[in-house]
Amino acid sequence: MMDKRYTRLKLKMLLLVVAGTLGALAAALFLWEMVVDGLFQDPFARSVLWVCQNLFGCDEAGALEIYQHVFRNHKGTWLLVGTILLMLGAFYVAMGRFTRWLDQIGAAVRQVVNETGETVRLPKELRPVEEDLRSIQRTLGGRETEAREAEQRRQDLVAFLAHDLKTPLTSVLGYLNLLHDEPGLTAEQRAKYTGIALDKARRLEELISEFFDITRMDFRILGGNGEPIQLSILLEQLVDEFYPAFAGKDLTCRTDIASRLVVRGDPDKLARVFDNVLRNAVSYSVSGGQVDLEARVDGESVEIAVRNEGLEIPEKELTNIFQKFYRLDQARSTRTGGAGLGLAIAREIVERHGGSIRAESDGRRTSFVIRLPRAEEETP
């Protein structure tokens, strides 16, 4: 589309030059025929004779000879000279127009670079350039907005992470100081306080690990180069491991996993994906609800869906929740979430495996749908 638009612009410029050239040639022929051989032949000849006689002192015969030798006998030469002069004039006019166009394009580019906020406007002949500059202007504006949002999320992350780290750290220090300063504690009390401190320390470790995983993880493209993975078995094992988490919120987990689902990739990283999604489902499910895990073949892909009953996610937030450091629940809760990196990590891993992940919400249930390229099962 862009090539066609610029081709039309080039044709317009070429036609302008050709039209100027042909116009100059036509004007030269017209003037010569009118002045020398046409209606004005006699007045033109008389003017030449008068100049020769009165300014150069020639007699009538000499003036006629000069007219004959200079004009009549060199008609083609004068026609050529006149044509060249007119063509130079037409070229000058055309170049003046091109120069104005270049000045206008330069001013528009500076307007875009300086981000003045004014809409780019160019003559209709330069409409393709105007459209492209407006597109660049919109792109730069969008990137600036994204940069501001990313900076805001980064600042929020620092505040959120400081809060999340401080809370368990304060608890760890408090219980350790209590154990250190109170020698008279009973064995049961010491065991209780030690267990609480240990749980808070593990929570602290999880938060730090989640924060650094997004930068430390090796996100090479893994899909076709990884090892075959029995996804059916992997998902069933993860569901078994999540049984305590489901029981803790009185959740029921219903599974519908097709047998012999095979994909290629890194099993540890894919396990991390489903672990993050299931953990998110548990965290944001209503107590006593149901979590569904379905996996099936869909054409050349394997589709895995995790659904839970919980609060509705606004449509505009369905894509934002996969951004780094983004949290749907801005009210900080160290119990229900970390630094907002779990789903971002999941998306990075899935996309490096040649797949995709999306979120859906119908007001009552939230679904995370993951698609991965299907692989053929290898015979041992």
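**Exercise 1. Confidence.** State the mean pLDDT of the protein and what share of its residues reach 70 or more.

*Solution.* This is a predicted model. The mean pLDDT of the protein is 76. Of its residues, 70% reach 70 or more. Over residues 330-337 the pLDDT falls below 50, and in the model this stretch has 17 contacts beyond near neighbours in sequence.

**Exercise 2. The sheet.** Give the strand order of the open sheet, and work out which strands stand at the edges.

*Solution.* Step 1: the open sheet has 5 strands, in the order β2-β4-β5-β7-β6. The pairing is mixed.

Step 2: β2 (252-257) and β6 (356-361) each have a single partner strand, so one side of each lacks a neighbour in the sheet. These two strands stand at the edges.

Step 3: from one strand to the next, the twist averages 15°.

**Exercise 3. The hairpin.** Describe how β6 pairs with β7, and find the residue in the turn that has a positive phi.

*Solution.* Step 1: β6 pairs with β7 (residues 365-373) in the antiparallel sense, over 6 bridges.

Step 2: to set the register, take R358, which stands opposite V369 in β7. Likewise, S356 stands opposite R371 in β7.

Step 3: the two strands, β6 and β7, form a hairpin with 3 residues between them. In the turn, G363 has a positive phi of about 100°.

**Exercise 4. Helices on the sheet.** Determine which strands α9 lies across and which strands α10 touches.

*Solution.* Step 1: α9 lies across β4 (290-298), β5 (301-309), β6 and β7. Its direction runs at about 170° to β7.

Step 2: helix α10 (residues 342-352) also packs on the sheet, where it touches β6 and β7. The direction of α10 makes about 25° with that of β7.

**Exercise 5. α7 against α9.** Classify the orientation of these two helices and list the residues of their contact.

*Solution.* Step 1: two packed helices are described by the angle between their axes and the distance between the axes. For helix α7 (residues 231-241) and helix α9 (residues 267-283), the axes come within 11 Å and cross at roughly 45°.

Step 2: α7 and α9 are therefore oblique to each other. The crossing of α7 past α9 is right-handed.

Step 3: α7 contributes L231, L234, L235 and L238 to the contact, and α9 contributes P267, A271, F274, D275 and L278. By class, these residues are 8 nonpolar, no polar and 1 charged.

**Exercise 6. α9 against α10.** Repeat the analysis for α9 and α10, giving the crossing and the classes of the contact residues.

*Solution.* Step 1: the axes of α9 and α10 come within 9 Å and cross at roughly 145°. α9 passes α10 in a left-handed crossing.

Step 2: from α9, the residues K269, L270, R272, V273, N276, V277 and N280 meet G342, L343, I345, A346, I349 and V350 of α10.

Step 3: the contact of α9 with α10 holds 8 nonpolar, 3 polar and 2 charged residues.

Key. Residues numbered from 1 in each chain as written. Predicted model: local features only at pLDDT ≥ 70, side-chain atom pairs only at ≥ 80, totals over all residues. Heavy atoms only, no water. Axes fitted to C-alpha atoms, helices over the stretch in contact; angles between N-to-C directions. Helix = DSSP H or I, 4+ residues; strand = E, 2+ residues; numbered from the N terminus. Parallel < 35°, antiparallel > 145°, perpendicular 65-115°, else oblique. Left-handed = near helix turned anticlockwise from the far one by under 90°. Contact = heavy atoms within 4.5 Å. Nonpolar A, V, L, I, M, F, W, Y, C, P; charged D, E, K, R; others polar. Pairing = 2+ DSSP bridges. pLDDT = per-residue confidence, 0-100.
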